[in-house]
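Open the model in your viewer and keep the sequence panel beside it. This tour goes stop by stop: what to select, then what is there.

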Amino acid sequence: MHFALLLGVCAAARRDAFDLFAEGSYGSSTPVIVRSGNNPHAKITYLTLRGLADLPVLMMEFTGLPYHATYLGREQMKEVKHKFPLGRVPVLELDGVTIAQSASIVRHIAATTELMPQEHELKAKVDMMFETVQELFADKWFDSDSIKEQHNSGSGFENLEVITRFSAIGNNGKVAATGVETTPLEKTLSILATFEDILEEGDRYDVWLVGKHPTYADLALFLKLEAKVELPLKLGEKMLGLALPFPKLSALQEEIRNHPNVQSYFNSGRRMPRVQKRANDDGSGHDYYYVDLPPLPEAAKHGGEL
Ligand SMILES: N[C@@H](CCC(=O)N[C@@H](CS)C(=O)NCC(=O)O)C(=O)O
């Protein structure tokens, strides 16, 4: 499939998209328009950062659904938020329907593509998995500020003990039934180990959470794992990233990461960069700074079309 790409800037003067992100924070950014395909079925609006549009956009890229995305900077968002159904983004326009709420958007895209099964029973099972994925790493315990605090208080040894315990009882250990979930870390590890069990029990020739085809629940799980699979721990004076020892989950992750559409998306510059909160750098509160700039192709760097 040929993806046309235009990474342009809706400002009076066209500016270099790379500079746009490199110059600093989400607060200082102007809108970015990404076009994937000439006749978009879908239009999505979000902010110039990775976040709640990441999964909807990945689903469209994965299935080859042509879309246009408009990513807004903070000032532009203020100007146009009154036009959105709930005053918030992401917002999706698809087949004449305009909807907000990222999870509703995910289901709407899934129902339009092959990422949602047709059968009622399978549909319900996929949604059950999706809702459970949403709970992963959701607690503030996993936020970068909290991780810093844990670093300072030296609680990494306790975390290591918990991770070791859960990796030992994963792999068909029926973790969900053992009743050992009290802390946010235990809850998340319990879900991961339960997913590992479910994948282990499935058909040995497929890697998906439900049935024989990838669904929105698999893509949601993939993004969560990509973002947080390394749990930071403090061991002695060092901060370490510990990879989770769940082989079936890793296989699912690999399968999606190596999908040609996903590879082409990640290398295209169409994905918004991540941001990191930095407190009070300029005395005016906190802002969100870009931490991993997308690999923009040469032509896109100059606002060109591919
Ligand atoms: N639960 C909603 C949350 C939507 C939301 O809070 N969006 C934020 C951006 S992540 C927003 O629109 N903020 C801008 C504003 O409120 O002006 C969802 O999942 O879509």
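The stops below start with the whole chain and then move through strands, helices, loops, the ligand and the core.

**Whole chain**

Keep in mind throughout that this is a predicted model. Show the protein chain as a cartoon. It has twelve helices and ten strands. Now colour by burial. Of the 306 residues in the chain, 34% are buried. Contacts come next. Take those with a separation of 6 or more: 66% of them link residues 24 or more positions apart.

**Strand β2 and its partner**

Select residues 32-36, which form strand β2. Four of these five residues are buried, so β2 is largely enclosed by the rest of the structure. Add residues 67-72, strand β4. The two strands run antiparallel and are joined by five bridges. Two cross-strand pairs are worth labelling. R35 sits opposite H68 in β4, and V32 has Y71 in β4 as its bridge partner.

**Strand β4 and strand β3**

Stay on β4. Five of its six residues are buried, so this strand too is largely enclosed by the rest of the structure. Now add residues 42-47, strand β3. β3 and β4 pair in the parallel sense, over six bridges. The bridge partner of Y46 in β4 is Y71.

**Y71**

Which strand holds Y71? Strand β4 does. Centre the view on this residue. Y71 has 24 C-beta neighbours inside 10 Å; the cut-off for burial is 20 or more, so Y71 counts as buried. Leaving out residues up to four places away in sequence, Y71 touches P31, V32, Y46, L47, T48 and M272. Draw a distance from Y71 to P31. Their C-alpha atoms are separated by 5.3 Å, although the two residues are 40 apart along the chain.

**From β3 to the β5–β6 hairpin**

Go back to β3 and add β5, residues 91-94. These strands pair in the antiparallel sense over four bridges. Label I44, which stands opposite L92 in β5. Next add β6, residues 97-100. β5 and β6 also pair in the antiparallel sense, again over four bridges. Here L94 stands opposite V97 in β6.

Zoom in on the turn. The hairpin has two residues between its strands. What is the sign of phi at D95? Phi of D95 is positive, near 50 degrees, in a residue other than glycine. Is D95 buried or exposed? D95 has 8 C-beta neighbours inside 10 Å; the limit for exposed is 12 or fewer, so D95 counts as exposed.

**A cis peptide before β5**

Select V89 and P90. A cis peptide bond joins them, with omega about 10 degrees. P90 is in the loop between α3 (74-80) and β5.

**The ligand**

Select the ligand and show the residues around it. They are L47, G51, L52, M77, K81, R88, V89, P90, Q101 and S102. Both residues of the cis peptide bond, V89 and P90, are in this list. L47, one of the contacts of Y71, is also among the residues around the ligand. By class, the shell has five nonpolar, three polar and two charged residues.

**Helix α2**

Select residues 54-63, helix α2. The helix is mostly covered, with nine of its ten residues buried. Those buried are D54, L55, P56, V57, L58, M59, M60, E61 and F62. Charged side chains are worth displaying here, as D54 and E61 are on that list. Just after α2, look at G64, where phi is positive at about 75 degrees.

**F137**

Move to the loop between α5 (120-135) and α6 (144-153), and select F137. F137 has a positive phi near 55 degrees, in a residue other than glycine. Is F137 buried or exposed? F137 is buried, because 21 other C-beta atoms lie within 10 Å.

**The nonpolar core**

Finish with the largest nonpolar core, which has 64 residues. Highlight M59, Y216, A217, L219 and L221, the residues with the most contacts inside it. Colour by domain next. The core draws at least three residues from each of domain 1 (8-115 + 273-301) and domain 2 (120-258). M59 is also one of the buried residues of α2. Last, centre on A217. Not counting residues up to four places away in sequence, A217 touches V126, M129, F130, V133, L209 and V210.

Terms used
Residues numbered from 1 in each chain as written. Predicted model: local features only at pLDDT ≥ 70, side-chain atom pairs only at ≥ 80, totals over all residues. Core = buried A, V, L, I, M, F, W, Y, C linked by C-beta atoms within 7 Å. Domains from an automatic or database assignment. Contact = placed C-beta atoms within 7 Å. Near = placed C-beta within 6 Å. Nonpolar A, V, L, I, M, F, W, Y, C, P; charged D, E, K, R; others polar. Pairing = 2+ DSSP bridges.
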